Amino acid sequence: MAAAASGGGAGDGDRADAQENVPTYEWEDKNTKAFHVAAFGRLWREKLDPALYCYQDTEEDAEHAQLARELELSEETMEELRVICSPDSLTGGDVRTDVVPHDSSLKTVRLRKRKQDYKDSLRRDFPAKQDVFASELENLAIGRRPMDPELLVPEGEIILTVNVLYPVIFEAFKFCRHHMTLQVMGSQKLSELRDAICCVSDLQVYGEFSSTPDMAPEFISKDLYKSAFFFFEGVFYDDMRYPECTAISKSTIEWAKSHDFPTYRSAKMEETTFNDLVVKIGYPYLYCHQGDCEHVVIITDIRLAHRDDCLDKNLYPLLIYKHRMLTRKCSVCNLYISRWLTTDDHLAPMDPCLFCDMCFRTLHYDKEGNKLGHFLAYPYVDPGAFN
Amino acid sequence: MDNYIQALKADFEELLGQFQRTDSVRYENFLPIWRNLDFPSLFYGKIVPNEMRIFCRLALATAYQYFLPPYTFQIRVGGLYLLYGLYHTQLASPKEKIRIALKDWEEVMKFQQDAANAQHYDVVYILRKLLSEKSFYFAAMPKQLNYQSKKKPLRNEVCEEFRERPQRVKDLISMDTLEEVMNVQQHYEKMKAAISATPGQLDSAINFIRKDLVSQLRSTMMEYHKLEEQQSRDTVPKSGDGDNAAGEGSSEQQECSQRAQLLASIKSKSYGHVLEASKSRRHRQVEMDTSGSGTDPSQLVLFRKKKRPLSLKARTKKNLIDKVGTLKQEATEFTGPGMMEENSKENSKKKRRFRW
């Protein structure tokens with residue numbers, strides 16, 4: 001698959017190209033066939049009247065006049081149509097919308113009624129935190145427009161929705177796939193998405209710091225090990241922005257070569273935009289950083305930008321959903337999020353044991369900061385620390 | 001949220017079924033049905049905003065299917081009105097958009113053209129209104145895909161009553177099925193050759209097969225197709241009288257009896273199964289199917305009741321506990337009260353869980 005096929009391949013194979021880049025299902029409801037993102041966007045823009053995806057409101061009268069001209073209708077017919085087809089007649093009028101009617105003939109409503117009755121029977125009387133959090137996050141960005149018109153997302157820009165799954169480490173993750181969802185623009189570089197993905201393994205601090213606890217939080221892994229790659233459709237996109245970066249996909253590519261696998265190519269993350277990609281929607285790809293922290297990445301949606309989207313360029317990549325994780329609290333105060341993990345500790349109730357910064361210091365050190373007794377202490381970053 | 005799909009489908013089909021019975025594509029006729037069924041109440045209830053958003057998305061995506069072929073023109077009009085209604089009554093804010101896929105855009109434009117040609121102005125008006133209100137996302141796919149490979153896919157069943165009739169012939173005999181038939185034919189011939197008295201040659205006593213079955217099928221099909229095209233060309237010019245749209249089936253097909261419909265539905269279902277089988281097994285499956293002539297009900301049952309292997313738990317129970325059932329009984333006697341309690345606990349737990 002020619003991944004970096006030049007976006008503006010005008011001329012010869014254009015028609016054949018067009019057919020290829022109309023996304024169709026490879027597996028029904030699962031994923032599409034691979035297509036070129038920029039070419040897909042171009043196809044839409046070719047087919048649509050720019051008025052359909054611009055951000056301005058279309059004036060109703062102008063629209064009516066045009067429609068009347070096209071259909072050769074008189075003004076009275078147009079007026080009649082407007083009255084008959086008005087959306088006002090669709091709604092139910094002034095009813096309380098938070099009450100599910102109990103005698104409805106609609107199956108959906110009956111199902112919702114049953115579900116809601118069940119929910120009411122539960123002891124808790126507040127919406128799940130996960131939901132509240134998700135709605136808040138969604139509302140943050142909806143319809144945001146920048147002050148500076150320069151920063152407006154251009155009309156007809158492609159917006160991709162990307163799900164980044166957490167690597168499966170915990171038992172609890174076995175059954176539901178927790179993820180965060182980000183929106184990126186087609187013109188953005190892959191490296192911008194990389195910077196927007198936050199993962200605890202970027203923040204880990206390696207080493208044992210029981211004798212010098214103040215030194216610890218200074219070196220996080222993100223600064224130490226900067227290499228990372230995305231893998232889309234047989235191409236590894238390596239992050240090579242810094243001199244310390246190494247192409248960590250190299251060993252995989254060589255291994256694949258020596259084992260009769262289809263050959264993989266590599267490219268640079270910071271030189272590739274999403275428009276350049278050839279991808280399948282709904283197909284699991286990979287983001288790997290810190291050597292072995294592997295996230296499955298799924299592009300769930302590609303579409304043209306809409307008036308109601310967040311239109312501030314600076315806010316992309318935009319986080320639109322993030323799973324809220326339980327935090328592990330300090331085993332002393334059970335109040336603050338843990339920051340230290342100790343092993344071989346005589347003062348701790350179990351081994352290993354988690355402490356917040358405050359409790360850790362007061363328990364393990366005297367006033368002068370001398371270590372009390374023998375123990376090993378490691379900095380701990382809680383996965384829920386980003387909530 | 002996906003649990004609502006079946007219920008939503010049933011509701012939409014109820015609405016569209018009633019709309020079909022009116023034998024019209026007028027919006028005035030749609031509106032009373034919409035109100036009678038109290039469709040705006042679809043969105044009522046105590047729902048957190050993001051859940052509402054997901055539900056609206058789901059409702060629109062489900063309704064979107066009725067706006068596309070293989071449904072008849074009338075159902076597609078109903079589908080459009082349904083989308084219009086759902087879009088305007090939804091309680092999410094800002095309003096959730098209708099996702100329209102690139103591959104379907106041509107169909108939508110053709111639909112608009114058909115409606116305009118047949119002078120169904122309300123249809124065109126509503127479609128244009130939705131477009132100018134920016135109620136569409138111009139997306140790659142009609143829904144977001146996130147590769148839920150483990151989840152059992154909901155079979156996307158096309159409601160047979162709404163289906164455009166001429167389409168059935170096309171569906172039944174596609175290139176794929178022709179190829180299948182050819183394969184089966186060849187296989188059959190070979191089998192016959194193998195059992196005949198003179199090996200390698202067909203025995204004249206059992207030589208009853210049509211040699212040119214496939215090509216004949218094809219030509220019949222082409223003929224039918226041509227006829228159909230001609231008819232539709234004939235109906236276009238006289239569509240000025242309103243209710244005879246270009247996309248609608250002609251009167252001849254309405255003679256299709258109930259039985260034929262039933263047959264078609266059964267056949268399409270059984271073909272669906274065949275196509276799903278893996279390539280290596282496909283051949284054998286087809287063989288089975290054709291030998292039963294496809295309409296044998298017992299055959300169908302066979303297909304449907306494909307048994308899954310028992311789960312590990314069930315197998316363990318079967319192999320171990322049933323064999324030493326007496327032992328187990330003794331054990332229950334021994335720890336009788338405790339076990340009872342556990343059982344009742346489990347029961348109460350089950351009761352608490354919501355069952356879709």
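User: Why is A:Asp301 called buried?

Analyst: This is a predicted model, and every value here is computed from it. The relative accessible area of A:Asp301 is 1%. Buried means under 20%. The value falls under that cut-off, so A:Asp301 is buried.

User: What makes A:Arg303 and A:Asp301 a salt bridge?

Analyst: The closest N and O atoms of A:Arg303 and A:Asp301 are 3.5 Å apart. The cut-off is 4 Å, from a side-chain nitrogen of Lys or Arg to a carboxyl oxygen of Asp or Glu. Arg and Asp fit, and 3.5 Å is within 4 Å, so the pair counts.

User: Is A:Arg303 buried or exposed, and how do you know?

Analyst: A:Arg303 has a relative accessible area of 3%. That is under 20%, so A:Arg303 is buried. Its partner A:Asp301 is buried too, at 1%.

User: How do you know that A:Arg82 and A:Glu79 form a salt bridge?

Analyst: Their closest N and O atoms lie 2.9 Å apart. The limit is 4 Å, so this pair passes.

User: Where do A:Arg82 and A:Glu79 lie?

Analyst: Both are in helix α5 of chain A, residues 75-84. They are three residues apart, which is about one turn of the helix.

User: Why are A:Arg82 and A:Glu79 called partly exposed?

Analyst: A:Arg82 has a relative accessible area of 34%. A:Glu79 has 40%. Partly exposed covers values between the buried cut-off, under 20%, and the exposed one, over 50%. Both values sit in between, so both residues get that label.

User: What about chain B: why do B:Glu133 and B:Lys129 get unlike labels?

Analyst: B:Glu133 stands at 25% relative accessibility. That is not under 20% and not over 50%, so B:Glu133 is partly exposed. B:Lys129 stands at 13%. That is under 20%, so B:Lys129 is buried. The two side chains meet in a salt bridge, at 3.7 Å from N to O.

User: How many salt bridges are there over all chains?

Analyst: The count comes to 20. Some link up: A:Arg194, A:Asp195, A:Asp239 and A:Arg241 form a network of salt bridges.

User: What makes A:Tyr206 exposed?

Analyst: A:Tyr206 has a relative accessible area of 53%. Exposed means over 50%, so A:Tyr206 qualifies. This residue lies in the loop between α8 (190-196) and α9 (221-224) of chain A.

User: Which residues share a nonpolar surface patch with A:Tyr206?

Analyst: A:Phe219, A:Leu224 and A:Tyr225 do. With A:Tyr206 they make a patch of about 450 Å². Patch residues must have over 30% relative accessible area, and 53% for A:Tyr206 is over 30%, so A:Tyr206 meets that condition.

User: Which domains does chain A have, and how far apart are their centres?

Analyst: The domain assignment gives domain 1 (130-322) and domain 2 (340-386). Their C-alpha centres lie 33 Å apart. The contact takes 16 residues from domain 1 and 14 residues from domain 2.

User: What area is buried between domain 1 and domain 2 of chain A?

Analyst: About 1200 Å², with 67% of it from carbon and sulfur atoms. In domain 1, A:Val200, A:Ser210 and A:Pro213 lose the most area to domain 2. Together they give 36% of what that side buries. The count of salt bridges between the two domains is zero.

User: What is the wider picture for chain A?

Analyst: Chain A has 11 helices and 15 strands. Buried residues make up 44% of its 387 residues.

Methods
Residues numbered from 1 in each chain as written. Chains lettered and ligands numbered in written order. Predicted model: local features only at pLDDT ≥ 70, side-chain atom pairs only at ≥ 80, totals over all residues. Heavy atoms only, no water. Patch = residues over 30% accessible without salt bridge, like charges linked within 9 Å, V, L, I, M, F, W, Y side chains within 5 Å. Areas by Shrake-Rupley, 256 points an atom, 1.4 Å probe, with all protein chains shown as cover. Helix = DSSP H or I, 4+ residues; strand = E, 2+ residues; numbered from the N terminus. Buried < 20%, exposed > 50% of the residue type's maximum accessible area, 1.4 Å probe, protein only. Domains from an automatic or database assignment. Contact = heavy atoms within 4.5 Å. Buried area = accessible area lost by both parts, 1.4 Å probe.
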